[in-house]
Structures are given as C-alpha cells and as structure tokens.
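Biologist: I'm new to this one. Can you walk me through how you decide what to call things?

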Amino acid sequence: MAKKVVGQLKLQIKAGAANPSPPVGPALGQRGINIMEFCKAFNAKTQEMEQGAPVPTVITYYADKSFSFETKTPPASFYLKKAAGLKPVGKRNRPKGSEKPGRETAGYVTVAQVREIAEAKMKDLSANDVEAAMQIILGSARSIGIEVKG
C-alpha cells in the first residue's frame, strides 16, 4: 500500500552544508521529520556538487514520519554571477547583481557561457531545446544586470 503524503516542503540549502541549525532544523522539526537523517542523506547526495552552491530541495513527508526529497540544480542567477566573476559583498557574503538592472551593468558573460549554463539547467527548465533554455537564462541575466557580449 502507498504511503499517505502529509505535505511538501521547499527549502534552498547549500550543497554539502545541511545541518540542524536554522533554517533547516526548525523547518523539518515542526513537521516531525528526522533532522539528522535528512542532513546526512542530503549531504551525501550533494557531495559531488560544488560546495556552497544553493540547492533548491523539495521534501515530501509522509504520515509514518518518513520522507523523500528531490534536489534541483542551483538557480540560474548563481551560475550567472559566478560566470561574470562578481565578488561577494554584504552581510551574507554573496555576490550581488546590479542595483539598477537595465541602467547599470554588474558584469558580463559570453554567449558560450550562457549556452553552458542553459545546458546545465536544462532538466529544471520548461524549455524544449537549448535555444529556448538560453532565452530563459538571458532573461535572468538581464534582470540582475549582467550583459551578454558576443
């Protein structure tokens, strides 16, 4: 017999860095999910990814207190900022895009880099081919103030 699904939870956790501290611990604990079991499974699954990359995760939890989770590829903005070589700034030490996208440019990427990002994100995008995926990535680049050159 199939397990009864109680709900789903979406979190964005850094690859290989899941631990019981906030925001992961409280989000899982209040739903009755075994926090340490999730952290070990998540860290094992994401150890091949670039450490520290934000990984969107969908956790499905069941009535018998068990769970399953699915990881997605890091956001396009993460790849774009990395390709543009933006330096980390601010309190959280993350790279920022332009303060005024469309007016100011935060950095530059090439068409080849956009294609590479589109191919990496292909399974998570709602695009039928790489060209359509590139258009989605170009829209993301435009919205954070990164210009595409040649």
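**Helix α5 and its two sides**

Modeller: Let's start with α5, where A133, M134, I137 and A141 are buried. Keep in mind that this is a predicted model.

Biologist: How do you know that the buried residues of α5 line one face of the helix?

Modeller: Looking down the axis of α5, you find its buried residues within an arc of 100°, so they line one face. An α-helix has 3.6 residues a turn, so residues three or four places apart point the same way. On the other side of α5, Q135 and R142 are exposed.

Biologist: What covers the buried residues of α5?

Modeller: The cover includes α3 (76–84), α4 (111–121) and β7 (146–149).

Biologist: What makes the length of α5 agree with a helix at 1.5 Å a residue?

Modeller: Helix α5 has 14 residues, 130–143, so the expected span is 20 Å. Its end C-alpha atoms are 20 Å apart, and therefore the two agree. After α5 comes G145, with a positive phi near 80°.

**T57 and its hairpin**

Biologist: Why is T57 called buried?

Modeller: Buried means under 20% relative accessible area. T57 has 2%, so it counts as buried. You'll find T57 in strand β2, residues 54–62.

Biologist: What is T57 in contact with, leaving aside its neighbours within four places in sequence?

Modeller: Quite a list: L9, K10, L11, I13, F38, F42, F69, E70 and T71. There's also a backbone oxygen, that of V55, lying 3.1 Å from a polar atom of the T57 side chain.

Biologist: What makes β2 and β3 a pair?

Modeller: Two strands pair if there are at least two bridges between them. β2 and β3 have five, in the antiparallel sense. One of the matches is I59 with its bridge partner F69 in β3. The two strands form a hairpin with four residues between them.

Biologist: And which residues of β3 are on its covered face?

Modeller: F67, F69 and T71 make up the covered face of β3 (residues 67–71), while S68 and E70 are on the uncovered one.

**Two backbone oddities**

Biologist: Why is K65 called exposed?

Modeller: Exposed means over 50% relative accessible area. K65 has 55%, so it qualifies. K65 sits in the loop between β2 and β3.

Biologist: What is the phi of K65?

Modeller: Near 70°, which is positive, and K65 isn't a glycine. Most residues other than glycine have a negative phi, and most peptide bonds are trans.

Biologist: Where is there a cis peptide bond?

Modeller: Between P22 and P23, with omega at about 5°. P23 belongs to the loop between β1 (5–14) and α1 (24–29).

**Another strand pair, then the whole**

Biologist: How do the side chains alternate along β6?

Modeller: In β6 (residues 107–110), G107 and V109 point to one face and are buried. Y108 and T110 point to the other face and are not buried. β6 pairs with β7 in the parallel sense, over four bridges. There, T110 has K149 of β7 as its bridge partner.

Biologist: How many helices and strands does the protein have?

Modeller: Five helices and seven strands, in the order β-α-α-β-β-α-β-β-β-α-α-β along the sequence. The C-alpha trace spans about 55 × 40 × 25 Å along its principal axes. Of the 150 residues, 35% count as buried.

Technical notes. Residues are numbered from 1 along each chain as its sequence is written. Side-chain values use heavy atoms; hydrogens and water are left out. The expected span of a helix is 1.5 Å times one less than its number of residues. Buried means under 20% relative accessible area, exposed over 50%, partly exposed in between (1.4 Å probe, protein chains only). The arc is that of the directions from the helix axis to the C-beta atoms. Contact means heavy atoms within 4.5 Å. A polar contact is a pair of N or O atoms within 3.5 Å; within protein, one must be able to donate a hydrogen and the other to accept it, and residues adjacent in sequence count only if both atoms are side-chain atoms.
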